[in-house]
Amino acid sequence: MHCVRSITDDLYWIGGNDRRLALFENIHPIEKGVSYNSYLLLDEKTVLFDTVDWAICRQFLENIKAVLGDRTLDYMVINHMEPDHAACIEEIILRYPNIKIICTEKASLFMHQFGFSIDDKVIKVKDGDSMSFGKHNLVFVTAPMVHWPEVMVTYDTTNGVLFSADAFGSFGALDGKLFNDEVNFDRDWIDEARRYYTNIVGKYGPHVQSLLKKAGNLDIKIICPLHGPVWRSDLGYFIDKHDKWSRYEPEEKGVMIVYGTMYGNTEASANYLATKLVEKGMKNVVMYDVSKTHVSYLIAETFKYSHVVLASVTYNLKIYPPMLNYIMDMKALNLQKRTFAIIENGSWTPQSGKLIRELLNEMKEMTILDNDITLTSSMKVEDCDSMDSMADSIIESMK
Ligand SMILES: Cc1cc2nc3c(=O)[nH]c(=O)nc-3n(C[C@H](O)[C@H](O)[C@H](O)COP(=O)(O)O)c2cc1C
Ligand SMILES: [Fe+2]
Ligand SMILES: [Fe+2]
């Protein structure tokens with residue numbers, strides 16, 4: 001059975017949801033599923049915008065048929081060649097052999113690499129090129145590394161719709177609700193949107209900044225991303241979030257305490273610090289066990305908060321492996337502009353703190369408070385003063 005929604009009088013959402021997939025990119029848990037969005041424009045010519053993941057290809061083909069009626073597909077705009085959107089290109093070609101494919105030069109190279117035979121079908125476009133399909137005029141705007149190098153976004157000058165590829169997307173399946181004004185985004189979606197952005201696109205902040213600059217020159221009325229809700233109101237709210245995230249500016253003054261513990265002593269010290277912070281007036285404190293929390297959630301929270309306390313046991317003279325994994329991911333994603341405090345623990349040669357400091361020093365614009373704490377096996381009453389002054393310096397550095 002088909003399942004589509006109309007966005008304007010001649011533009012349709014024809015994507016679908018995957019609630020079965022456990023791990024996006026085989027890495028990130030998606031407990032709320034994910035949507036793969038595709039769009040179909042019925043002008044004098046018919047234009048398809050991207051395809052979907054293989055998992056929902058059948059639904060997608062039924063949706064296309066339902067919207068087209070007895071018309072055929074004339075054009076397919078491929079904004080992004082990653083298989084979560086491009087997997088069904090060949091299925092489309094098989095069913096609509098006269099279709100023309102509009103994409104960047106790099107995307108056509110990727111089509112070859114993924115084994116699609118598209119030679120006589122491709123119309124290559126460059127940044128700023130435009131094409132008319134009847135009433136609608138489309139402008140193609142390259143957005144390299146807003147996930148992959150071949151990416152472009154497509155802007156419809158007739159109705160102000162921006163097909164934004166992976167930009168402005170979110171994890172989470174669409175439960176019948178397609179538009180941002182049909183959900184409570186700030187309550188129910190923002191955390192998954194942040195986790196999607198930071199883990200998938202987070203590394204490419206400067207590239208997202210240049211896309212935001214280009215987009216600033218367009219009169220955008222609707223944003224149609226490849227994942228998550230379609231934006232038709234309050235665009236500024238979501239653009240502002242992306243502006244912050246891509247400049248690596250924290251959204252909130254607050255403290256995220258991440259602890260790595262085996263027997264619970266490091267956790268006890270983290271609890272003590274959190275309590276002191278709250279007693280001293282800093283109530284925006286969150287705590288995570290690094291072993292129990294998937295790193296994608298830790299990354300999203302690290303993009304959100306201004307201050308991070310890393311409390312880690314020493315493990316075979318190194319940083320506790322799950323903590324190391326988290327810090328390396330933070331580094332790989334280019335995170336910047338955070339203030340850190342460090343607590344190390346060890347029973348014979350505590351040195352996780354020193355090693356954490358070295359790693360943080362290799363990252364850009366990170367401030368590390370200088371009162372590192374060393375615990376030997378467990379926190380004692382004698383450690384309370386240094387823990388208190390760590391809480392004080394965290395609060396002081398927020399001013
Ligand atoms: C496999 C393993 C390796 C360890 N390696 C070190 C080490 O190299 N240096 C050290 O000081 N302590 C080492 N420890 C001890 C723990 O870091 C220490 O007992 C710590 O206080 C435990 O804190 P927790 O209660 O938060 O787990 C190791 C422990 C384990 C199980
Ligand atoms: Fe992508
Ligand atoms: Fe994607």
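## Two domains and a run of antiparallel strands

In this predicted model, the chain is divided into domain 1, which covers residues 5-247, and domain 2, which covers residues 252-397. The C-alpha centres of these two domains lie 38 Å apart, and where the domains meet, 13 residues of domain 1 are in contact with 14 residues of domain 2.

Between them, domain 1 and domain 2 bury about 1,200 Å², of which 53% is on carbon and sulfur atoms. The count of salt bridges between the two domains is zero, whereas six residue pairs, both members at pLDDT 80 or more, are found in polar contact across the interface. On the side of domain 1 that touches domain 2, the elements giving two or more residues are strand E5 (28-29) and helix H5 (185-201), and H5 gives the most, with five residues. Sorted by class, this side of domain 1 has three nonpolar, four polar and six charged residues.

Turning to the strands, one can follow the chain from E12 through E13 to E14. Strand E12 (residues 130-132) runs antiparallel to strand E13 (residues 137-142), and three bridges join the two; in this pairing, serine 130 has valine 139 of E13 as its bridge partner. E12 and E13 form a hairpin with four residues between them, and in the turn glycine 134 has a positive phi of about 130°.

E13 also pairs with strand E14 (residues 152-156), again in the antiparallel sense, over five bridges, and here leucine 138 stands opposite aspartate 156 in E14. In a regular strand, the side chains alternate between the two faces of the sheet.

Key
Residues are numbered from 1 along each chain as its sequence is written. Chains are lettered from A and ligands numbered from 1 in the order in which they are written. This is a predicted model: local features need pLDDT of at least 70, side-chain atom pairs count only at pLDDT 80 or more; totals for chains, interfaces and linings use all residues. Side-chain values use heavy atoms; hydrogens and water are left out. Two strands pair if DSSP finds at least two bridges between them. Domain bounds come from an automatic or database domain assignment. Contact means heavy atoms within 4.5 Å. Buried area is the accessible area (1.4 Å probe) that two parts lose on being put together, summed over both. A salt bridge is a side-chain nitrogen of Lys or Arg within 4 Å of a carboxyl oxygen of Asp or Glu. A polar contact is a pair of N or O atoms within 3.5 Å; within protein, one must be able to donate a hydrogen and the other to accept it, and residues adjacent in sequence count only if both atoms are side-chain atoms. Ala, Val, Leu, Ile, Met, Phe, Trp, Tyr, Cys and Pro count as nonpolar, Asp, Glu, Lys and Arg as charged, and the others, Gly among them, as polar.
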